[in-house]
Amino acid sequence: MTGRVALPVVHRAMVASLATNIRQGGTSAQCWKYDLSQDRSLGGSVRIGQSQGSFLTHRSTNLLRPAAGTISVEQDDVNTYLPKGDMWSVHKFGGTCMGTPQRIQSVADIVLSDSSERKLVIVSAMSKVTDMMYNLVHKAQSRDDSYMIALEEVFEKHMAAAKDLLDGEDLASFLSQLHSDVSSLRAMLSAIYIAGHATESFSDFVVGHGELWSAQMLSYAIKKSGAPCSWMDTREVLVVKPSGPNQVDPDYLESEKRLQKWFSRQPAEIIVATGFIASTAENIPTTLKRDGSDFSAAIIGSLVRARQVTIWTDVDGVFSADPRKVSEAVILSTLSYQEAWEMSYFGANVLHPRTIIPVMKDNIPIVIRNMFNISAPGTMICRQPANDNGDLDACVKSFATIDNLALVNVEGTGMAGVPGTSSAIFSVVKDVGANVIMISQASSEHSICFAVPEKEVAAVSAALHVRFREALAAGRLSKVEVINGCSILAVVGLRMASTPGVSAMLFDALAKANINVRAIAQGCSEYNITVVLKQEDCVRALRAAHSRFFLSKTTLAVGIIGPGLIGGTLLNQLKDQAAVLKENMNIDLRVIGITGSSTMLLSDTGIDLTQWKELLRKEAEPADLANFVRHMSDNHVFPNKVLVDCTADTSVASHYYDWLKKGIHVITPNKKANSGPLDRYLKLRTLQRASYTHYFYEATVGAGLPIISTLRGLLETGDKILRIEGIFSGTLSYIFNNFEGTRTFSNVVAEAKEAGYTEPDPRDDLSGTDVARKVIILARESGLTLELSDIPVKSLVPEALASCSSADEFMQKLPSFDEDWAKQRSEAEAAGEVLRYVGVVDAVNQKGQVELRRYKRDHPFAQLSGSDNIIAFTTSRYKEQPLIVRGPGAGAEVTAGGVFCDMLRLASSLGAPS
Ligand SMILES: NC(=O)c1ccc[n+]([C@@H]2O[C@H](COP(=O)([O-])OP(=O)(O)OC[C@H]3O[C@@H](n4cnc5c(N)ncnc54)[C@H](O)[C@@H]3O)[C@@H](O)[C@H]2O)c1
Ligand SMILES: N[C@@H](CCO)C(=O)O
Ligand code: NA
């Protein structure tokens with residue numbers, strides 16, 4: 001029948017009515033109507049009747065016009081049109097995603113939430129079903145009649161899932177299909193049982209049912225929401241031909257034709273298609289073999305020129321390294337096809353390279369996403385990711401390892417310049433059926449080395465010895481050597497090509513981790529650098545290399561010694577602030593060790609600071625400072641390490657020199673090193689000045705107050721220090737600020753101890769030693785070469801108590817001296833004065849002094865409160881009026897804050913943003 005339709009200028013609606021006319025004439029042109037009226041990217045030609053009518057889409061006006069005059073439409077010739085291009089989004093859901101009725105419902109929800117105009121959804125069988133189906137075949141052909149029970153289980157599983165998921169007519173029609181499929185399977189299996197043999201196509205026929213059922217269930221689940229959805233048995237569409245053992249090639253032309261035809265019958269907006277299965281050109285059911293469903297998705301994505309193919313799985317995307325080996329591994333946002341390809345070779349759980357080919361030729365991006373964590377954006381695999389920022393470290397995308405390899409080294413002077421040696425070697429390897437994983441030959445041609453799986457190396461070596469017996473005997477070859485126990489570390493990144501310095505960074509990281517490289521290979525494509533090393537070094541190498549490229553350069557591995565009042569407070573401050581620092585300043589602080597005097601806690605990647613106290617109690621090991629330091633220096637994951645000494649211990653302080661020598665930075669509020677023997681101090685400072693390893697100690701004087709940094713600032717800018725004078729003891733400041741006649745002296749001392757101002761032993765404060773240490777520290781910082789013993793100190797510890805064996809005993813006995821103190825105080829008060837304990841650095845006369853003085857009530861030193869320190873710097877520039885720093889100079893929070901500040905100073909000297 002012929003219809004005649006005039007189309008001078010046709011708007012979309014007109015095309016719809018044209019299609020209606022055709023349909024009324026008896027042609028099934030639904031899809032044509034559908035496409036023409038909705039498809040913005042439509043173009044090309046439609047053969048209608050005798051004449052060739054070209055419909056051109058005018059993209060800006062949405063007008064369709066026939067290229068020439070009037071078109072006669074003849075029903076038989078109406079070509080259906082499969083829309084292609086931007087509007088198609090292809091999704092693939094694997095077995096795990098289809099594991100339960102609830103998950104199938106979630107899959108339906110994900111599909112429905114995709115706003116693409118058209119969606120093609122490829123599904124695998126419900127999880128475990130493919131194995132169950134193979135097992136049916138296996139049982140039947142082994143004449144094990146329990147295949148019948150196993151078939152019943154398959155039936156039950158799908159019936160139960162369908163009953164959970166569907167209802168009403170949908171359920172009824174699915175179950176009736178399931179019944180009928182199971183009957184034919186029963187017949188097929190019985191035939192296999194009788195024959196005792198299943199051909200590949202019989203087996204493929206049986207196995208493919210898992211996908212048929214899951215696709216139908218999902219399409220019903222989607223339809224429930226009212227969305228137009230059809231399901232597709234891809235055996236009607238996908239045509240493949242065998243191309244090797246366990247491998248098939250798609251026949252794109254034939255598949256496309258069949259897809260067109262299929263679509264003309266069922267032009268739904270959403271199509272759920274079976275993954276994994278296909279048919280031969282002769283319509284015999286077959287499968288796409290390994291990774292079949294991903295492959296189906298890629299082929300179909302290419303057939304419809306999809307906008308994107310999304311592979312849904314149960315991981316957030318592709319990691320930069322195996323996260324079981326590298327806890328720092330990150331999800332990559334993009335990968336090029338080549339990179340994905342390289343990585344899949346190295347066993348990264350990406351995609352089979354074959355899967356990438358169909359989409360790669362059309363530049364269709366593949367996105368790998370986690371169906372159980374929809375908020376994760378996943379990894380996009382596309383042509384050339386656009387996130388290049390020009391950084392060296394951005395050139396490397398990922399790291400992978402292969403274990404259980406052996407290197408074979410064929411060496412000898414007779415190889416150089418002799419064509420055919422390598423051909424002879426590798427034909428031997430081929431003949432024993434071994435797989436060569438990498439090859440390296442230096443240009444001197446004296447040796448060829450290659451890696452094979454360890455289990456194949458004995459055969460390879462034996463065959464080489466036979467083949468080269470004469471050459472070995474004649475000395476032309478000196479040896480055929482096998483090195484067992486090797487691993488490969490592969491570094492993958494498209495942009496390594498043409499970026500100088502990448503391999504230097506890699507090898508530097510390996511060298512710093514003290515890892516010996518046995519062999520190296522880099523193809524001239526430069527996508528991959530392969531390094532062979534000892535298997536036992538492999539994970540360490542992987543971590544060291546990964547951290548070099550992926551960790552922020554201002555990542556600091558921190559070891560805390562002495563988690564007492566200050567150390568503990570610091571740990572809590574780090575816990576609260578770490579995330580902010582990382583987010584805002586890219587400073588990544590990881591506490592990888594905490595040691596007290598009896599126990600220590602170690603971690604390779606970072607201790608959970610929300611529970612450091614518990615962990616230190618429960619999971620700690622006996623403290624051992626040498627092991628603790630070894631743990632820090634042996635860690636090659638982190639680019640920088642710092643030990644923070646929060647003890648008051650002299651022996652801990654005596655190690656700073658060695659630590660700095662090892663390249664470990666040191667930060668401390670402990671005064672012992674800087675106020676200890678002068679020669680040691682000078683040696684330490686000389687080393688500090690000569691190296692790029694840092695030593696910071698701001699909290700040793702005035703706790704968190706900027707005393708050391710102020711002094712440094714003055715000196716470094718050329719100012720001359722004349723005198724530093726002040727109240728340097730938080731404890732003694734507190735005591736004399738509060739000893740006003742209302743409480744006894746010993747009570748006030750106890751309060752200061754309680755408030756955390758005192759040294760672990762308050763006698764260190766009362767004796768003036770603590771102040772003397774601070775005076776020495778500032779004096780030495782100003783260039784004076786004084787020993788602690790050079791400072792005359794007025795001790796406030798009653799002579800009788802100096803020999804108390806403990807701080808507790810001292811505190812208990814202190815009240816007996818309260819009367820003396822009360823007397824001193826009243827005498828001062830009577831004179832309108834207060835008692836203040838002061839320290840002085842007299843730079844002009846090169847000396848220091850610590851004493852208890854009386855000051856008039858209106859003197860600045862008399863105005864302090866709490867644990868205030870006040871330090872006055874008189875210098876050439878600040879001569880008339882000294883520069884004064886004042887504020888709380890003791891206490892847990894301010895001191896820990898001062899130590900923390902030093903850590904950030906360190907980070908900033910390592911390059912953190914300001
Ligand atoms: N408290 C303050 O206001 C203040 C102010 C500035 C500086 N500081 C200095 O801070 C340091 C710590 O003071 P604190 O008040 O926290 O003392 P603390 O006694 O509360 O803590 C010291 C911790 O170090 C541990 N320790 C001692 N020797 C050790 C060793 N060899 N190995 C490992 N751990 C060891 C102790 O067990 C204790 O847990 C001292 O050097 C002190 O001078 C304190
Ligand atoms: N015990 C010291 C701590 C600060 O170094 C003081 O009281 O000042
Ligand atoms: Na300070």
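**Burial, ligand shells and long-range contacts**

S243 counts as exposed, because its C-beta atom has 11 C-beta neighbours inside 10 Å and the limit for that class is 12 or fewer. The values here were computed from a predicted model. S243 sits in strand β9, which covers residues 240-244. Once its neighbours within four places in sequence are set aside, S243 is in contact with V248 and D249.

The protein as a whole offers a useful backdrop. Its 914 residues include a buried share of 44%, and the chain is organised into 31 helices and 35 strands. Among contacts with a separation of 6 or more, 72% join residues that are 24 or more positions apart. The largest nonpolar core holds 246 residues, and V121, L218, V272, A451 and A545 are the members with the most contacts inside it. What does L218 touch, leaving aside its neighbours within four places in sequence? The partners of L218 are I104, V107, A108, V121, V123 and V272. Two of these partners, V121 and V272, are themselves listed among the core residues with the most contacts.

Two pairs of residues illustrate how positions separated along the chain come together. L335, in strand β15 (residues 334-336), is buried, since 28 C-beta neighbours lie inside 10 Å of it and burial requires 20 or more. Its C-alpha atom is 7.5 Å from that of K397, although the two residues are 62 positions apart along the chain. L570 gives a second case. This residue belongs to helix α18 and is buried, with 29 other C-beta atoms within 10 Å. In sequence, L570 and T895 are 325 residues apart, yet their C-alpha atoms lie 8.5 Å from each other. Beyond residues up to four places away in sequence, L570 touches I560, C646, A896, V899 and F900.

Helix α18 leads on to the first of the ligands. With 3 residues, this helix (565-585) gives the most to the shell around ligand 1. That shell numbers 29 residues, of which G562, G564, L565, I566 and A648 are the closest. By class, it comprises 14 nonpolar, 12 polar and 3 charged residues. Why is ligand 1 said to lie between domain 4 and domain 5? Both domain 4 (555-700 + 902-909) and domain 5 (708-890) give residues to its shell, so the ligand is placed between them.

Ligand 2 has a shell made up of A703, S729, G730, T731, Y757, T758, E759, D765, D770, G889 and A890. Sorted by class, its surroundings come to 3 nonpolar, 5 polar and 3 charged residues. One of the shell members, A703, is also notable for its backbone. Most residues other than glycine have a negative phi. A703, however, has a positive phi of about 50 degrees. The residue lies in the loop between β30 (695-696) and α24 (708-716). Is A703 buried or exposed? A703 is buried, because 27 other C-beta atoms lie within 10 Å and the threshold is 20 or more.

F276 invites comparison on the same backbone angle. Here phi is near 75 degrees, again a positive value in a residue other than glycine. F276 is found in the loop between β11 (270-274) and β12 (277-279), and it counts as buried, with 27 C-beta neighbours inside 10 Å. A glycine with a positive phi turns up as well: G832, which follows α30, has a phi near 75 degrees.

Helix α30 also allows a simple check of geometry. At 1.5 Å a residue, its 13 residues (818-830) should span 18 Å, and the C-alpha atoms at its ends are 18 Å apart, so expectation and model agree.

A last loop residue, D761, falls into the intermediate class of burial. D761 is located between α26 (745-754) and α27 (763-766). It is partly exposed, because 19 other C-beta atoms lie within 10 Å, whereas a buried residue needs 20 or more. D761 and F810, 49 residues apart in sequence, are 9.0 Å apart in space from C-alpha to C-alpha.

Technical notes:
Residues are numbered from 1 along each chain as its sequence is written. Chains are lettered from A and ligands numbered from 1 in the order in which they are written. This is a predicted model: local features need pLDDT of at least 70, side-chain atom pairs count only at pLDDT 80 or more; totals for chains, interfaces and linings use all residues. A residue is near a molecule or strand if its C-beta atom, placed from the backbone, lies within 6 Å of it. Ala, Val, Leu, Ile, Met, Phe, Trp, Tyr, Cys and Pro count as nonpolar, Asp, Glu, Lys and Arg as charged, and the others, Gly among them, as polar. Helices (H or I, at least four residues) and strands (E, at least two) are DSSP runs, numbered from the N terminus. Domain bounds come from an automatic or database domain assignment. A nonpolar core is a set of buried Ala, Val, Leu, Ile, Met, Phe, Trp, Tyr and Cys residues joined through C-beta atoms within 7 Å. Two residues are in contact if their C-beta atoms, placed from the backbone, lie within 7 Å. The expected span of a helix is 1.5 Å times one less than its number of residues.
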